[in-house]
Amino acid sequence: MEPRTSESYKREILEQYKRDKGGEVSIYLTKPTRRQIREACLWLLDKRDSEYDRQILNRFFQFKNEENRFRDIQNFEEGKFRPVQNFLKEDVQKTDVKNLELIAWLIDFEPRPLSKYLKSDPCSSVDNETEFDIIPESSSNISKSPSDIQPEPDIEEEKKKKKRRLVITISIAFGAVLLTTLTLKNSFFNSNSSTPNENQCMAWADSLYVEVPCAAKPYSQYGTNVESLDEVKLKSLKKVKVNMATQFFAEKTNKPLIWYYKNKDGEIEYYTAPGLHPITGKTLREITPYIIQTYVSTHMDKADSFVQ
């Protein structure tokens, strides 16, 4: 068995993602967009809340107040999820520590973070790639033993390292410019070959999402916002009517199959997938036995449909 290193940590995280596409939040991460990554974070916020997990989230989102974590994630700039999306799609081979640890939290990779991963292997030693290390806050005041003290770096060697990093940075920048040029060129030809009425956007139409032309922005014919096309939401999120005969939970896992939202009139709306309410943007909640017993009708909305 090979020693555990930061490289093996990164590789194992990516292998687990490829294997189960996010596990519990696969509905968001199978084909991840930046908005879906944010919704997955909101969904898992109160479900994975260990001391290490809190450090991972604080490092990524830079919470100003622990009590406002949910709101901070809701208002978090979508563009900052791009490195996470690019790594999952394998558009890049490396990513910053905070992005890698957020992915480990999202897909429930264990052990996490890297410091815990390395310590779980007694045969391995922490390598020099400390960019991935996360040290618990409670350990910051622990005195180091003499064996932990590293010698002062050689000045000439440091200069050589800086020069190598500069060369690598210039190469990466040149490659990025070239890739961007090719991408824009490809997008130009694709846009010219597409039909004028091609739908790349969607809008909420009473009880489900439908494809609409992006030219209809900002509002669709249904009076709702025109959004970028999201295939997962388009196929899975629907507003439905329920009764006591509805299957609310999966038989084997007992996981919810219905989510709900209480509107301003005090009425309960029911949806077929987790996420945000298509109009208000509020988070949909898991159905519970209490909600079922309190609000769900015992019959369907038609004659002779009472459930015995």
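What share of the contacts in the chain with a separation of 6 or more comes from residues 24 or more positions apart? In this predicted model, such residues account for 59% of those contacts. It helps to begin with the whole chain and then turn to two of its parts. The chain has 308 residues, and 34% of them are buried. Its secondary structure consists of 11 helices and 7 strands. The accessible surface comes to about 20000 Å², and carbon and sulfur atoms contribute 52% of that area.

A good place to look next is a sheet built from 3 of the strands. This sheet is open, its strands follow the order β2-β1-β3, and their pairing is antiparallel. At the edges lie β2, spanning 209–212, and β3, spanning 226–228, each of which pairs on one side only. From one strand to the next, the twist averages 45°. Between β2 and β3 in the order sits β1, which covers residues 201–204 and joins β2 through 4 antiparallel bridges. Within this pairing, Met202 stands opposite Glu211 of β2.

Among the helices, α3 offers a view of a mostly covered element. This helix runs over residues 34–44, and 9 of its 11 residues are buried. The buried set begins with Gln36, Ile37 and Arg38, continues through Glu39, Ala40 and Cys41, and ends with Leu42, Trp43 and Leu44. As background for viewing such an element, an α-helix has 3.6 residues a turn, so residues three or four places apart point the same way. In α3, the list of buried residues includes both Arg38 and Glu39 alongside Ile37 and Leu42.

Terms used:
Residues numbered from 1 in each chain as written. Predicted model: local features only at pLDDT ≥ 70, side-chain atom pairs only at ≥ 80, totals over all residues. Heavy atoms only, no water. Pairing = 2+ DSSP bridges. Helix = DSSP H or I, 4+ residues; strand = E, 2+ residues; numbered from the N terminus. Axes fitted to C-alpha atoms, helices over the stretch in contact; angles between N-to-C directions. Buried < 20%, exposed > 50% of the residue type's maximum accessible area, 1.4 Å probe, protein only. Contact = heavy atoms within 4.5 Å. Areas by Shrake-Rupley, 256 points an atom, 1.4 Å probe, with all protein chains shown as cover.
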